[in-house]
Amino acid sequence: MDLVVKEEFRRRAEALHRASPVVDAHLDLAGEILIRQRLGEREIIRSRYLPGWKRAGINLIVSSIYVPDDVLQRGGVLAAWEDALSQISALEREIEAARELMAVRSRGDLQKAVSGEGIGILIYMEGLDCIGEDLERLSELYDLGVRGASLTWSRRNALAAGCCKAGQRIRISGGLTELGKSAVRRMERLSLFLDVSHLNDDGFEDVKKIARRPFCATHSGAKAVCENYRNLTDEQMEALASRDGVMGLNGCKYIAGSLSGNHLEMLCRHAEYEVNRMGPGHVGFGFDLCDSYDAAKADLDYADRIGRGERSEKREIELCDCLPDHGSIPLLSAALLQRGMEEETVRGIMGGNFVRYFEKVLPSR
């Protein structure tokens, strides 16, 4: 059974969300938009996301560009590059079509989003499989509005060996390649922030030695709370905090450890533990809500099979999100308050800490 949140704390949290910055540091938004556009949908953000964002008082969404396994398997680096460009283009069209949205590419843009001029969308790469061995493509991505990257997703590429997938419990060895180390240095020169959420332990150690700018973990949990290789150890969390980084609270049930349905309780336990280990200024939200993306992918796979004349049934997806949508985020903030967390600490987790982080790592203009 999950936590029951009292009405007084709901009201306090809702007031905080109206008055303070709110950030989700990881959402596979661009990929879902591209999939749904291919299914014939338009204005996906406005119809599927904007109501929840407004209920939660969202100021900034960090949208990943994630290239699926099947794209890489089908066409390698070239197909991955084309897919990444298509995702960026699809997301930009959505932003341009909605007056409530704005692209965030600089500190100035970030301040406009925080001040309420529009809900900001910041683009980053969840894995750099799409560049292959060509580091010049980092500059191309920057010119297209990308402002950060993880070196790899949960798979090995030319830059690094990734960690295992969320539902697995496999230790993967091997850190950054020499090219990966060069990529980190190039990213720092370009003011691209570095995300370590999908690196394995060896890769994290390499980043610690190489990185000179603050790095972050956009969507990770605490390994001491849930024994999952996608989560960070105490030592890794402390190293991230010592570099003035921020760690986004992951909302996947496998990473949170809430397979029995105690989602709010486990998310609170992660947040409380991380605050105790790293300090209140280094924890944020990075929920990685994937159910809507997975449903869209299942619909597209089904449509493709039907289009090829195959007899098929639509695949049922496993629901993995700890929150039903972004509109439910204030409930988590309320649960943290109810469990005794200081209001100022909750404000930081809601968004203040990631705003401060991006103010440091984004280009000035």
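**Exercise 1. The nonpolar cores**

Find the residues with the most contacts inside the largest nonpolar core of this predicted model.

*Solution.*
Step 1. The largest nonpolar core holds 95 residues. Those with the most contacts inside it are L29, W53, L128 and L151.
Step 2. Ask which element gives the most to this core. That is α4, with nine residues.
Step 3. Take L151 and skip residues up to four places away in sequence. Its contacts include G127, L128, L159, L176, V184 and M187. N157 and D195 are also among the residues that L151 touches.
Step 4. Look for a core apart from the largest one. Another core has 19 residues, among them A25, V62, V355 and Y357.

**Exercise 2. The setting of helix α2**

Decide whether α2 is largely enclosed or not, and list what its buried residues pack against.

*Solution.*
Step 1. Count burial, taking under 20% relative accessible area as buried. Nine of the ten residues of α2 are buried, so the helix is largely enclosed by the rest of the structure.
Step 2. Name them: L29, A30, G31, E32, I33, L34, I35, R36 and Q37.
Step 3. List the neighbours. The buried residues of α2 pack against strands β1 (23-27), β2 (60-65) and β4 (119-126), and against helices α3 (44-56), α4 and α12 (291-307).
Step 4. Check the chain just after α2. There G40 takes a positive phi of about 100°.

**Exercise 3. The packing of α2 on α4**

Describe how α2 (residues 29-38) and α4 (residues 69-97) pack, by angle and axis distance.

*Solution.*
Step 1. The angle is about 85°, and the axes lie 8 Å apart.
Step 2. Angles from 65 to 115 degrees count as roughly perpendicular. That makes α2 roughly perpendicular to α4.
Step 3. Identify the contact residues. From α2 come L29, A30, G31, I33, L34, Q37 and R38; they meet D83, S86, Q87, A90, L91, R93 and E94 in α4.
Step 4. Sort by class. The contact has six nonpolar, four polar and four charged residues.

**Exercise 4. A three-stranded sheet**

Work out the order and pairing sense of the sheet that contains β7, β8 and β9.

*Solution.*
Step 1. The sheet is open, with the order β7-β8-β9 and parallel pairing.
Step 2. The edge strands are β7 (217-220) and β9 (283-285), each pairing on one side only.
Step 3. Neighbouring strands are turned by 40° against each other on average, direction ignored.
Step 4. Strand β8 (residues 247-249) pairs with β9 over three bridges, in the parallel sense. One bridge partner is G284 in β9, which faces G248.
Step 5. Add the helix. α11 (residues 263-278) lies across β7, β8 and β9, and runs at about 160° to β8.

Note on methods:
Residues numbered from 1 in each chain as written. Predicted model: local features only at pLDDT ≥ 70, side-chain atom pairs only at ≥ 80, totals over all residues. Heavy atoms only, no water. Axes fitted to C-alpha atoms, helices over the stretch in contact; angles between N-to-C directions. Helix = DSSP H or I, 4+ residues; strand = E, 2+ residues; numbered from the N terminus. Parallel < 35°, antiparallel > 145°, perpendicular 65-115°, else oblique. Contact = heavy atoms within 4.5 Å. Nonpolar A, V, L, I, M, F, W, Y, C, P; charged D, E, K, R; others polar. Pairing = 2+ DSSP bridges. Buried < 20%, exposed > 50% of the residue type's maximum accessible area, 1.4 Å probe, protein only. Core = buried A, V, L, I, M, F, W, Y, C linked by side-chain atoms within 4.5 Å.
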